[in-house]
Amino acid sequence: MLKGHFITFEGIDGVGKTTQSQQLVQSLEDAGHSVVCTREPGGTRLGQLIRGLLLDSQLTDISQQAEILLYAADRAQHVQEVLKPNLEAGKIVISDRYLDSSIAYQGYGLGWDIERIREINRWAIAGIYPGITICLDQEPRIALSKTGGDRIESRAIDYYQRVRSGYCQIAKNEPDRFHLVSAEGTIDEVFQRIWQIIKGRIF
């Protein structure tokens, strides 16, 4: 049985997920909680190798099936090596990206079969779903101006508009779990919006 809390951060590239997840880790630790912070892809040794492939701007010919399966492989290892044992130990686990990224980026963004993506990932995640998802929301032209331009970040603005719309649809479908939070403002202003959601669910 999972005794811990699983929180995920989502959003298009450049919205500040890493910064805000680190802020949340610090605040939860200050409140006396045991917290593990991780990410996808790349939360394990195998995941780091997969991340290198997925983000390599020179690999322009990765097939649809291969991209979906590479993300799922990273996720399967992540679940077994990091998420499941720490949640069973009663810790709060915070992940920068999870299943919703595949749905938004490969499904809504690229127009690939969303139900097939879900089906593949159901096997990968072994029943481990987040209790709270924070999705930072910002206009893509603003967010992408802060990125470095890897293979995914180099995709067109209209692609990121579809990804953003996908996240909005997920929020509409799962309002109890999935929270859209404006990424506009200072780091502290954004964090206070997040903290109000987390406080109401964790404490």
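A residue counts as buried when its relative accessible area is under 20%. That cut-off serves for the whole of this tour, which concerns a predicted model.

**First stop: Tyr159 and Tyr105**

Select Tyr159. Its relative accessibility is 3%, so Tyr159 qualifies as buried. Now add Tyr105, which is likewise buried, with a relative accessible area of 5%. Seven aromatic pairs are counted in the model. In the pair formed by Tyr105 and Tyr159, the ring centres lie 6.2 Å apart and the planes stand at 70°, so the arrangement is edge-to-face. To see what this pair links, colour helix α4 (residues 99-109), which holds Tyr105, and helix α7 (residues 157-173), which holds Tyr159; the two tyrosines are 54 residues apart.

**Second stop: Tyr167 and Phe178**

Continue to Tyr167 and Phe178, both of which are buried. Their ring centres are 6.1 Å apart with planes at 20°, so this pair is classed as stacked. Tyr167 belongs to helix α7 and Phe178 to strand β5 (residues 178-182), so the pair ties together parts eleven residues apart in sequence. Next, display Tyr160 together with the four residues already selected: ring pairs link Tyr105, Tyr159, Tyr160, Tyr167 and Phe178 into a cluster.

**Third stop: charges over rings**

Which charged end sits over the ring of Tyr159? Show Arg155: its charged end is placed over that ring, 5.0 Å from the centre. A second example is found at Tyr98, where the charged end of Arg75 sits over the ring, 5.7 Å from its centre.

**Fourth stop: the largest nonpolar core**

In soluble globular proteins, nonpolar side chains tend to be buried together. Here the largest nonpolar core has 54 residues, and the members touching the most others are Leu24, Ile94, Tyr105, Ile134 and Ile198. Select helix α8 (residues 187-202) next, as the largest share of this core, seven residues, comes from that helix. Then centre the view on Ile198. Apart from neighbours within four places in sequence, Ile198 is in contact with Ile7, Leu24, Leu28, Ile132, Ile134 and Phe203.

**Last stop: strand β1**

Finally, select strand β1 (residues 5-10), in which five of the six residues are buried. Strand β1 runs parallel to strand β3 (residues 92-96), and five bridges join them. One place to inspect is His5, whose bridge partner in β3 is Ile92. Strand β1 also pairs with strand β4 (residues 132-137), again in the parallel sense, over four bridges. In this pairing, Ile7 stands opposite Ile132 of β4. Ile7 and Ile132 have already appeared among the contacts of Ile198.

Note on methods
Residues are numbered from 1 along each chain as its sequence is written. This is a predicted model: local features need pLDDT of at least 70, side-chain atom pairs count only at pLDDT 80 or more; totals for chains, interfaces and linings use all residues. Side-chain values use heavy atoms; hydrogens and water are left out. Rings of Phe, Tyr and Trp (its six-membered ring) pair if their centres lie within 6.5 Å; planes under 30 degrees apart count as stacked, over 60 as edge-to-face and the rest as tilted. Buried means under 20% relative accessible area, exposed over 50%, partly exposed in between (1.4 Å probe, protein chains only). A charge sits over a ring if NZ of Lys or CZ of Arg is within 6 Å of the ring centre and within 35 degrees of the ring normal. A nonpolar core is a set of buried Ala, Val, Leu, Ile, Met, Phe, Trp, Tyr and Cys residues joined through side-chain atoms within 4.5 Å. Contact means heavy atoms within 4.5 Å. Two strands pair if DSSP finds at least two bridges between them.
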